[in-house]
Amino acid sequence: MRKITIAIDGFSSCGKSTMAKDLARRVGYVYVDTGAMYRAVTLYCLEHKLIADGKVDVDALRQQMDQIHISFRLNVQTGCPDTYLNGTRVEDRIRGMEVSAQVSTVAALDFVREAMVRQQQLMGAEKGVVMDGRDIGTVVFPDAELKIFVTASAEVRAQRRYDELRAKGEEASFEDILQNVQHRDYLDQHREVSPLVQAVDAVVLDNSNMSIAEQNEWLMNQLMQAARE
């Protein structure tokens, strides 16, 4: 069976990263979490005081983009890659609400997206890769053999995010998370550069009422079909 490129796009908190990681592990593909890359850039901005009152110091960030190096290293305990920012593990810190509240604003900047897309295309040049994000099937890999667009209701996605944060022992408000999810949806769909849109040849997966096992079976069937064509 030939190796292919799998592009998974969709709304925030749909479980794209989890499904992409699981699929890559099962079939021996490389996994790249592009959302984590934008989150890492956002964390950099927060750490370097480049965001104030929800506004990014665009000129300063543009000048510092060459100093932002993002990489992934396998976590032997989880079997999944962790995100590193300039050599420091930031996997947990980039998942918090502070980063979540700002990441769509940072990700909408054209020079940030251009820098990240270049890195992503290099990572996936050899095929046998699963990549998830917002514009993988439309911008990063428009020729991907398998494109999946994931969606679920905002309420379901907010509940998943709430449960995830509570499981980590973090304080969380369902209403705040729901508002964040809805706000991110709007920003992602209406930004000028690489807005979130479904690729015309993408297969839609609404996982609002699917179990993990049902989702995994669906994904594997899609992969098997695409890899044989």
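Strand 6, residues 80-85, is joined to strand 7 by 2 bridges, and the two run antiparallel. At that junction, Tyr84 stands opposite Arg89 in strand 7. Everything I show today comes from a predicted model.

These strands belong to an open sheet of 3 strands, ordered 5-6-7, with antiparallel pairing. Strand 5, residues 70-75, and strand 7, residues 88-89, are the edge strands; each has a single partner, so one side of each has no neighbour in the sheet. Helix 2, residues 34-47, lies across strand 5 and strand 6. The angle between helix 2 and strand 6 is about 30 degrees.

Next, the other sheet. In general, strands of a sheet pair through backbone hydrogen bonds, and the pairing can be parallel or antiparallel. Here 5 strands form an open sheet with parallel pairing, in the order 2-8-1-9-10. At its edges stand strand 2, residues 30-33, and strand 10, residues 203-206; each has a single partner strand, so one side of each is left without a neighbour in the sheet. From one strand to the next, the twist averages 20 degrees. Inside that order, strand 1, residues 5-10, pairs with strand 9, residues 146-151, in the parallel sense over 5 bridges. Asp9 stands opposite Phe149 in strand 9.

Now the pockets. The largest pocket has a volume of about 940 Å³. It is lined by 44 residues, and the closest to its centre are Gly15, Lys16, Ser17, Thr18 and Glu164. Which elements give two or more residues to this lining? They are helix 1 (16-27), helix 2, strand 6, helix 5 (103-107), strand 8 (129-133), helix 8 (154-167), helix 9 (174-190) and helix 10 (212-228). Helix 1 gives the most, with 7 residues. By residue type, the lining divides into 22 charged, 13 polar and 9 nonpolar.

The second largest pocket has a volume of about 180 Å³. Its lining consists of Arg62, Met65, Asp66, Ile68, His69, Phe111, Glu114, Ala115, Met116, Arg118 and Gln119. Helix 6, residues 110-123, gives the most to this lining, with 6 residues. The division by type is 5 nonpolar, 4 charged and 2 polar.

One of those lining residues deserves its own slide. Met116 is in helix 6. Is Met116 buried or exposed? Its relative accessibility is 1%, and the cut-off for buried is under 20%, so Met116 counts as buried. Leaving aside neighbours within four places in sequence, Met116 is in contact with Met37, Tyr38, Val41, Met65 and Ile70. Of these partners, Met65 also appears in the lining of the second largest pocket. Met116 and Val140 are 24 residues apart along the chain, and their C-alpha atoms are separated by 9.4 Å.

The last residue is Thr34, which takes us back to helix 2. What does Thr34 touch, once its neighbours within four places in sequence are left aside? The contacts are Gln120, Met131, Asp132, Gly133 and Ile136. Thr34 has a relative accessible area of 2%, so it is buried under that cut-off too.

To close, helix 2 is the element to keep in view. Helix 2 lies across strand 5 and strand 6, is among the elements that give two or more residues to the lining of the largest pocket, and holds Thr34.

How values were computed
Residues are numbered from 1 along each chain as its sequence is written. This is a predicted model: local features need pLDDT of at least 70, side-chain atom pairs count only at pLDDT 80 or more; totals for chains, interfaces and linings use all residues. Side-chain values use heavy atoms; hydrogens and water are left out. Two strands pair if DSSP finds at least two bridges between them. Helices (H or I, at least four residues) and strands (E, at least two) are DSSP runs, numbered from the N terminus. Contact means heavy atoms within 4.5 Å. Axes are lines fitted to C-alpha atoms, for helices over the stretch in contact, and angles run from 0 to 180 degrees between N-to-C directions. On a 1 Å grid over the protein atoms alone, a cavity is a set of points where a 1.4 Å probe fits but cannot get out, and a pocket is an open set with protein on both sides within 12 Å along at least five of seven lines; lining residues have an atom within 4 Å of a point. Grid points are joined across faces, edges and corners, and a volume is the space filled by probe spheres set on the points. Ala, Val, Leu, Ile, Met, Phe, Trp, Tyr, Cys and Pro count as nonpolar, Asp, Glu, Lys and Arg as charged, and the others, Gly among them, as polar. Buried means under 20% relative accessible area, exposed over 50%, partly exposed in between (1.4 Å probe, protein chains only).
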